[in-house]
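Subject: Handover of a structure and notes on its contents

Dear colleague,

Please find below the structure that I am handing over to you. My notes on it follow, arranged by topic.

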Amino acid sequence: MTLSLRVKKNIFFLGLVSLLTDISSEMVYPLLPLFLANVLGVTIPLIGLIEGIAESTASLMKVVSGWLSDRSGRRKPFVWFGYGLSSVMKPLFALSTAGWQVLFFRFGDRVGKGIRTSPRDAMVADSSPETEKGRSFGFHRAMDSFGAVLGPLAAFVLLPRVGENIRWIFVLSFIPALAALLIVFIFVQEKNRNHARLPSETGGVVRGMGGLGSEYRYFVVVVCLFTLGNSSDAFLVLRARDLGLSTVSIPLVWLFFNAVNTVCAIPAGMISDRLGRKRLIFCSFLLYGIVYLGFALASRPGHIWLLFSAYGVYYGLSEGVFRAYVADLVPSPLRGTAYGVFHATSGIMALPASLIMGILWQSLGASWAFFFGAFMAFLSTGFLLGAPRKQ
């Protein structure tokens, strides 16, 4: 059975879940660095530390959950529990009175994401025809990004009505998160798979990585190198604030960024089905470097809108295509493990990336911090050209 844009029913509902979850998350995320800096008085390096610890440590769950879903042959329990944990954490941000409490709730939210991400991506790949993985992941990422458009829009509309009290936005974000959780429970179906055990599946997680192949491992290394310069997007929000954007305008610029991402995601996936994934990944790395150069050199609020637009194109070119490329490189019984390793290793690099960004920002200024991110993107582009070919 097919639904919108010729995607399978399971992929449609997984996309709808991502849409609702991102409405919830993006009501919170663009306001969280402002909440930390303006309400709780947390310093910029500490904000970087909070974001880095939350992303990196929770990333280890992506390996474990992905591997367990391969071993058990079941994806849905991990997806449901992961979304459930994240849903519970979001309204708890409203109770925070210190930075360490935000870290605790942010960590719980990211653990939930870590538990669900690899099994969910494997479920999308398992539910997709072999020739349409780019389309399927493009649709899923577009729904995710559309939710990230509606989330900031909801925050923008609601903020004046709650007296610009950010804590109330955190509480209200629970509503779409709960709706997403119900859809997973009722409508998302476990994909029946031929779970023939590969030789590399007979051991633990580390031994299970042995069947992933050299091209996959090289790609993961390149993405890790790139991620070292890809710090938390919280720094983009802080840069926008420093250039004069108001608190109420931040959700709008975030909405604009995600609108561009949404428009680009499906065409990028379809193009990758025809022309190959690596070409689009190469273009996305180059564009990221150019965008970070722009953030380094920006001097007025108007520049922020243009840069966030280009950043949305980067996301549209990369996120779904990355996931489809991983599915191309590994066999179906190992996809949960492959997505786990991919997400976890790049996620772990978020800690040093955010720490480096915060330290450079504090010691040398915002421009040098963004120059570093651009340099790492261009360096990664060169390494991508040297990737081995699949045997």
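Is Gly84 buried or exposed? Please bear in mind, for this and every point below, that the model is a predicted one. With a relative accessible area of 13%, Gly84 is buried, because buried means under 20%.

**Helix H4**

Gly84 belongs to helix H4, which covers residues 76-89. This helix has 14 residues, and the distance from its first C-alpha to its last is 20 Å, close to the 20 Å expected at 1.5 Å a residue. Besides Gly84, the buried residues of H4 include Lys76, Phe78, Val79, Gly82 and Tyr83. Ser86, Ser87 and Met89 are also among them. Gly84 can further be compared with Val184, which is 100 residues away along the chain. The C-alpha atoms of Gly84 and Val184 are separated by 9.7 Å.

**Helix H10 and its surroundings**

Helix H10 takes in residues 214-227. It has 14 residues and reaches 20 Å from first C-alpha to last, close to the expected 20 Å. Its buried residues are Glu215, Tyr216, Phe219, Val220, Val222, Val223, Cys224, Phe226 and Thr227. In reading such a list, it helps to recall that an α-helix has 3.6 residues a turn, so residues three or four places apart point the same way.

Which helices do the buried residues of H10 pack against? They pack against H13 (277-297), H14 (301-329), H15 (335-348), H16 (350-364) and H17 (366-385).

**The nonpolar core**

Two residues of H10, Tyr216 and Phe219, are buried, and both reappear in the largest nonpolar core, which has 111 residues. Tyr216, Phe219 and Tyr311 are the residues with the most contacts inside this core. Helix H14 gives the most to the core, with 14 residues.

Leaving aside residues up to four places away in sequence, Tyr216 touches Val326, Leu329, Val330, Ala338, Val341 and Phe342. One of these partners, Ala338, lies in helix H15. Ala338 has a relative accessible area of 0% and is therefore buried. With the same exclusion of residues up to four places away, Ala338 touches Leu212, Tyr216, Val326 and Val330. Tyr216 and Ala338 thus each touch Val326 and Val330. Ala338 and Met376, in turn, are 38 residues apart in sequence and 24 Å apart in space, C-alpha to C-alpha.

**Two helix pairs**

How do H15 and H16 pack? Their angle is about 25°, and their axes are 4 Å apart. Angles under 35 degrees count as roughly parallel, so H15 is roughly parallel to H16. From H15, the contact is made by Ser346, Gly347 and Ile348, and from H16 by Ala350, Leu351 and Pro352. By class, this contact has four nonpolar, two polar and no charged residues.

The second pair is formed by H6 (residues 133-158) and H12 (residues 249-275), which pack at an angle of about 170° with their axes 8 Å apart. Because angles over 145 degrees count as roughly antiparallel, H6 is roughly antiparallel to H12. The contact of H6 with H12 is made up of 17 nonpolar, eight polar and four charged residues.

**Three further residues**

Asn10 lies in helix H1 (residues 9-28). Its relative accessibility is 11%, so Asn10 counts as buried. Not counting residues up to four places away in sequence, Asn10 touches Met123, Ser127, Phe187, Val188 and Gln189.

Val39 lies in helix H2 (residues 32-39). Is Val39 buried or partly exposed? Val39 is partly exposed, because its relative accessible area is 47%, and partly exposed covers the range between 20% and 50%. Beyond residues up to four places away in sequence, Val39 touches Leu34 and Arg167. Val39 and Val64 are 25 residues apart in sequence and 36 Å apart in space, C-alpha to C-alpha.

Glu164 is found in the loop between H6 and helix H7 (166-172). At a relative accessible area of 48%, Glu164 is partly exposed. Most residues other than glycine have a negative phi. Glu164 has a positive phi of about 55° although it is not a glycine.

With kind regards

Note on methods:
Residues numbered from 1 in each chain as written. Predicted model: local features only at pLDDT ≥ 70, side-chain atom pairs only at ≥ 80, totals over all residues. Heavy atoms only, no water. Expected span 1.5 Å × (residues − 1). Buried < 20%, exposed > 50% of the residue type's maximum accessible area, 1.4 Å probe, protein only. Contact = heavy atoms within 4.5 Å. Axes fitted to C-alpha atoms, helices over the stretch in contact; angles between N-to-C directions. Parallel < 35°, antiparallel > 145°, perpendicular 65-115°, else oblique. Nonpolar A, V, L, I, M, F, W, Y, C, P; charged D, E, K, R; others polar. Core = buried A, V, L, I, M, F, W, Y, C linked by side-chain atoms within 4.5 Å.
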